[in-house]
Amino acid sequence: MTHIFIGGLKFEIVRENIHEYGLMRFDERQIVISTSVTETDVFMSTLRHEMMHAALQVAGISHMRRYEEEPIVRAFDNIFFPAWDSINNQSINLT
């Protein structure tokens, strides 16, 4: 995987030796994942986390007068996605 589109914008996915697991560089359209992240599940959850940062930027939410992005992204990481994963892995009968 070399890139991903978020809200119509192309973000390059790069690996670098950084202190954090990941970071998002909006102006450069990059999502950076640390080279120290070697497990697939950690890589994917870090990528999802940074994609949420990008999505909030693309949506303009970061331009609000009073805004703290990290608690919103962490709420998705720790509350929404575990709930989503628990139902996403179930067979759902829509009839």
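Where does R29 lie? I shall answer that in a moment, after one remark on the source: the structure shown above is a predicted model.

R29 is found in the loop that runs between β3 (22-25) and β4 (30-34). Its phi is near 55°, which is a positive value in a residue other than glycine. For context, most residues other than glycine have a negative phi. As to its surroundings, R29 has a relative accessibility of 28%; because this falls between the cut-offs of 20% and 50%, R29 counts as partly exposed.

I turn now to the interior. The largest nonpolar core consists of 11 residues: I4, I6, F11, I13, M24, I31, I33, V37, F43, L47 and A54. Two or more residues of this core come from each of β1 (3-6), β2 (9-16), β4 and α1. Which element gives the most to this core? That is α1, with 3 residues.

I6 illustrates how this core is connected. Leaving aside neighbours within four places in sequence, I6 is in contact with F11, I31, M51, A54, A55 and V58. Another core, of 5 residues, lies apart from the largest one, and M52, L56, V73 and F81 are among its members.

Next, the largest pocket. How much space lies in it? The figure is about 200 Å³. Its lining is made up of E20, Y21, G22, S45, T46, R48, H49, E50, E70, R74, D77 and N78. By class, these comprise 1 nonpolar, 5 polar and 6 charged residues. Two helices, α1 (40-59) and α2 (69-88), each supply at least two residues of the lining. Of the elements, α1 gives the most, with 5 residues. Thus α1 is the leading contributor to the lining of the largest pocket and also to the largest nonpolar core.

I close with one lining residue, D77, which belongs to helix α2. Is D77 buried or exposed? Its relative accessible area is 15%, and because buried means under 20%, D77 is buried. The side chain of D77 makes a polar contact with the side chain of H49, at 2.3 Å. Both D77 and H49 appear in the lining of the largest pocket. Not counting residues up to four places away in sequence, D77 touches R48, H49, M52 and P82. Among these, R48 also lines the pocket, while M52 is a member of the second core that I mentioned.

Technical notes:
Residues are numbered from 1 along each chain as its sequence is written. This is a predicted model: local features need pLDDT of at least 70, side-chain atom pairs count only at pLDDT 80 or more; totals for chains, interfaces and linings use all residues. Side-chain values use heavy atoms; hydrogens and water are left out. On a 1 Å grid over the protein atoms alone, a cavity is a set of points where a 1.4 Å probe fits but cannot get out, and a pocket is an open set with protein on both sides within 12 Å along at least five of seven lines; lining residues have an atom within 4 Å of a point. Grid points are joined across faces, edges and corners, and a volume is the space filled by probe spheres set on the points. Helices (H or I, at least four residues) and strands (E, at least two) are DSSP runs, numbered from the N terminus. Ala, Val, Leu, Ile, Met, Phe, Trp, Tyr, Cys and Pro count as nonpolar, Asp, Glu, Lys and Arg as charged, and the others, Gly among them, as polar. Buried means under 20% relative accessible area, exposed over 50%, partly exposed in between (1.4 Å probe, protein chains only). A nonpolar core is a set of buried Ala, Val, Leu, Ile, Met, Phe, Trp, Tyr and Cys residues joined through side-chain atoms within 4.5 Å. Contact means heavy atoms within 4.5 Å. A polar contact is a pair of N or O atoms within 3.5 Å; within protein, one must be able to donate a hydrogen and the other to accept it, and residues adjacent in sequence count only if both atoms are side-chain atoms.
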